[in-house]
Every structure is written in C-alpha cells, then in structure tokens.
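Let's take a friendly walk through this protein, from the overall layout down to a few single residues. Have a look at the model first, then read on.

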Amino acid sequence: MHVASRKRSAHRAVSPSSAPYRKLLWFKQPFPDNYTDEATFLDHLQRNPRLQPYQFWSLMSDATIIVQHLSTVVIFCCCFVAIIQGKVSPVAVVVCASICTILAWMLWDYWTSQEMNNLPSTPIDVAIGPNGPTPKTETPRARQTQQRLTTAKSAALIYAALLGLSPILKSLTLSTTSDSIWAFSTWLLLINVASFDYSGRPGTQLPTSMSTNSAMMASTVLASRLPSTTHVFSLTLFSIEVFALFPIFRRKLFAQSWLGHIALTVLLTMTAWGGLFVTLTSGGRVAFVTGVVLGCTLTTICMGACSWWLIGLQKYKNEIHGPWDPAKPIIRRRWD
C-alpha cells in the first residue's frame, strides 16, 4: 500500500517539461490526448518526398505518342474529305491501308515468334495411355499457329460483317442534316482524342473502349454521307484499321524499337501536315511540301515548349508529408 502511494506521488510529480513526449497511445504519459509537442512537431516535415524531376528528352519522348495519335486522326479526316469530294478513290485508300496493316501484322508476328521461342512448352491436357496418364504439352510453334488462325478468322469475320452492314450503314442517317453530322462527328473525334490512352504501356493490348467506340461511331456517321455502299465499306474498314488495329501496333513498336517509333512519328507527322495543307488549300505538290516543312517545324517547337513548360511548373509543387499524416497499413500477403 505504501509502495503504491509512493508511485502515484512520483507520477503526479512528473511534468510535461521534464518527461520527453512520445507519440504513442498505448504508453501512459503525463500529457493530454490532444497534446502537441511544439519542439519536435516539424522535425519530420518533408516536402515533395516522391517528386521525380522531369527530364526534357523524356518528355519529348512521351509527346511523340500524342503526336502520333493526333496525326492519325488528321490523316483519317483528310482521307474522308478527299473521298467525299471525289479526289481519291475509296478503294485505293482502303487497299493502301490494308497493305500497311498486313505488313504491320507480319512484323508483329515476327516479334511474337521471337518472344514465344523463349517460352517453355505448357501442359494443356492429360492423356490416358497404357503407361498411365501422360500430360499433353503445347509447343510455342503450335501456340503461334493457333494465334495466326484466330487472327485470320477475326479478319474474315470483320470483312464479311462489313459487306453485309454497308447497305444499312449507308441509309442510317438519311433523316439527319449534314450540318448535324459534321458537328456530331467532330465531337466524337474530340472524345476519341481526349480519352485515348497515351501511356504507351507495352502491357496494354487494346485501346480504351471509350476512345475506340467514339472513333468508330464518328466513322459510321461520316460513312452514311458517302454516295455508294462501296464507299461506305471502304471508309468503315479503313476506320477499323486506323482506330482499332493501328494503336496496338504503335504500342508494340514503341516497346520493341525506339528508332522505329521515331521513324513512324516523323512519317505520320509529315503525312498529316501535308495532307492537311492540301485539303485546306486544294493545292498539289507545292502545298504538300509546304505543309510538311511548316507543320513539322511547328510540331517540334510545340513539343519543346510544352516540355520546358512542364519542367518549369515543377517548382510550384508543394506536397507536404509529416508524422501527422494517416498511417498506411502494411498488409501481409503471406503468413509465415
């Protein structure tokens, strides 16, 4: 009894100024629950602990993905204007696009075969024989052959479906004025540009559904303004190759070859600006060359200016972290 009273007297004698404050709730201390230690409160203050400074050439590299997609949209619009004005045959456009798609698929298949050659055979089934159950394995060559057959079936299905739907698509917007069609398709293409996945991650196999759907809807309503079912079929197939298949190839190329990615960016930029100047001025070779020179120069200046602008904005970033932030629990994935 005497010892307990002595401990209580000693505890009352301790003051906040004589005992160090510890930020622990389970430890009994002579401090109120809402106590703030002004001497050590800002000792662990951190500003922008996870800040990764931008690098100029890294930003320029990321900007090439945006330039590629914008150039693709411009090329599609220029091809549509040339088709509806009768300056270019729709069959010629879709044949050129199909040849490029086949060449891209052959390159894709080569890269895939190189990756599959490094993979082991995987078991797919178990066969019961005289010696008991034996696993059936699938070799990388067999998997690649199966993937080629699946691709061929998908291409044939798309081709047949477009042949059957072209007459329906042609009469889809007969009761709608052309001004409404132009405005509606413009907004859909803007949605495609705004919702496109510009991360360029190699693991992403398909573009975002909203971006693809908006582009396909825009091409559908634009195709309904063309004069024949051949025009409708050609433009719709061209839009599938441009907005659904081409982004997948661009991601793969970005992961496989940096020089190929840069070469494709330059080619798309030159084609887009040259076609845009020809469409706006109704000119010929001179307009195309002028558009290529001025457009590529303007694109390079805009990429550099935006990169320096983002680098300059980082000095205004002020993210504060300290001991007052809520704790993040560490969840153990495996119990030992």
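## Ground rules

One term comes up again and again here: a residue is called buried when its relative accessible area is under 20%, exposed when over 50%, and partly exposed in between, using a 1.4 Å probe and protein chains only. Arg251, with 5% relative accessibility, therefore counts as buried.

This is a predicted model, where local features need pLDDT of at least 70, side-chain atom pairs count only at pLDDT 80 or more, and totals for chains, interfaces and linings use all residues. Numbering runs from 1 along each chain as its sequence is written, and side-chain values use heavy atoms, with hydrogens and water left out.

## The overall layout

The protein has nine helices and four strands. These are DSSP runs numbered from the N terminus, with helices being H or I of at least four residues and strands being E of at least two. Follow the sequence and you get the pattern α-β-α-α-β-β-α-α-α-α-α-α-β.

Of the 336 residues in the protein, 32% are buried. About 22300 Å² is exposed, and carbon and sulfur atoms supply 66% of that; the areas come from the Shrake-Rupley method with a 1.4 Å probe, and for residues only the protein chains shown count as cover. As for contacts (heavy atoms within 4.5 Å), residues 24 or more positions apart account for 70% of those with a separation of 6 or more.

## Inside: two nonpolar cores

A nonpolar core is a set of buried Ala, Val, Leu, Ile, Met, Phe, Trp, Tyr and Cys residues joined through side-chain atoms within 4.5 Å. The largest one holds 31 residues, and the members touching the most others are Phe76, Leu222, Leu226, Leu235, Phe238, Phe243 and Phe249. At least two residues each come from α2 (56–84), α3, α5 (178–195), α6, α7 and α8 (258–281). The largest share, eight residues, belongs to α7.

Which residues does Phe76 touch, leaving aside those up to four places away in sequence? They are Ser219, Leu222, Leu235, Phe238, Ser239 and Phe243. There is also a second, separate core of seven residues, with Met216, Phe233, Leu237 and Ala244 among them.

## Helices α6, α7 and α9

Helix α6 (residues 209–223) is mostly covered, with eleven of its 15 residues buried. Among them are Ser211, Thr212, Met216 and Leu222. From first C-alpha to last, α6 reaches 21 Å, close to the 21 Å expected at 1.5 Å a residue; that expected span is 1.5 Å times one less than the number of residues.

Over in helix α7 (residues 229–256) sits Ser234, which is buried at 4% relative accessible area. Not counting residues up to four places away in sequence, Ser234 touches Pro90, Val91 and Val94. Then there's α9, whose 29 residues should span 42 Å at 1.5 Å a residue, and its end C-alpha atoms are indeed 42 Å apart. Its buried residues include Ala287, Gly291, Gly295 and Ser307, and the cover over the buried residues of α9 includes α2 and α8.

## Two salt bridges

How many salt bridges does a search of the whole structure find? Two, where a salt bridge is a side-chain nitrogen of Lys or Arg within 4 Å of a carboxyl oxygen of Asp or Glu. In one, the side chains of Asp109 and Arg148 meet at 2.7 Å, N to O. This pair links distant parts of the chain, with Asp109 in helix α3 and Arg148 in helix α4 (residues 140–170), 39 residues apart. Asp109 is buried at 14% relative accessible area, whereas Arg148 is partly exposed at 36%.

Arg251 and Asp197 make a salt bridge too, with their closest N and O atoms 3.7 Å apart. Here the link runs between helix α7, home of Arg251, and the loop between α5 and α6, where Asp197 sits, 54 residues apart. Asp197 is buried, with a relative accessible area of 15%.

## At the surface

Val91, Val95, Ile99, Ile102, Leu103, Trp105 and Met106 make a nonpolar surface patch of about 640 Å². Patches are made of residues with over 30% relative accessible area and no salt bridge, joining like charges within 9 Å and nonpolar side chains (Val, Leu, Ile, Met, Phe, Trp, Tyr) within 5 Å. One of the patch residues, Ile102, is in helix α3 (residues 90–116).

Finally, Ser282 lies in the loop between α8 and α9 (285–313) and is exposed at 53% relative accessibility. Most residues other than glycine have a negative phi. Ser282 has a positive phi, near 55°.
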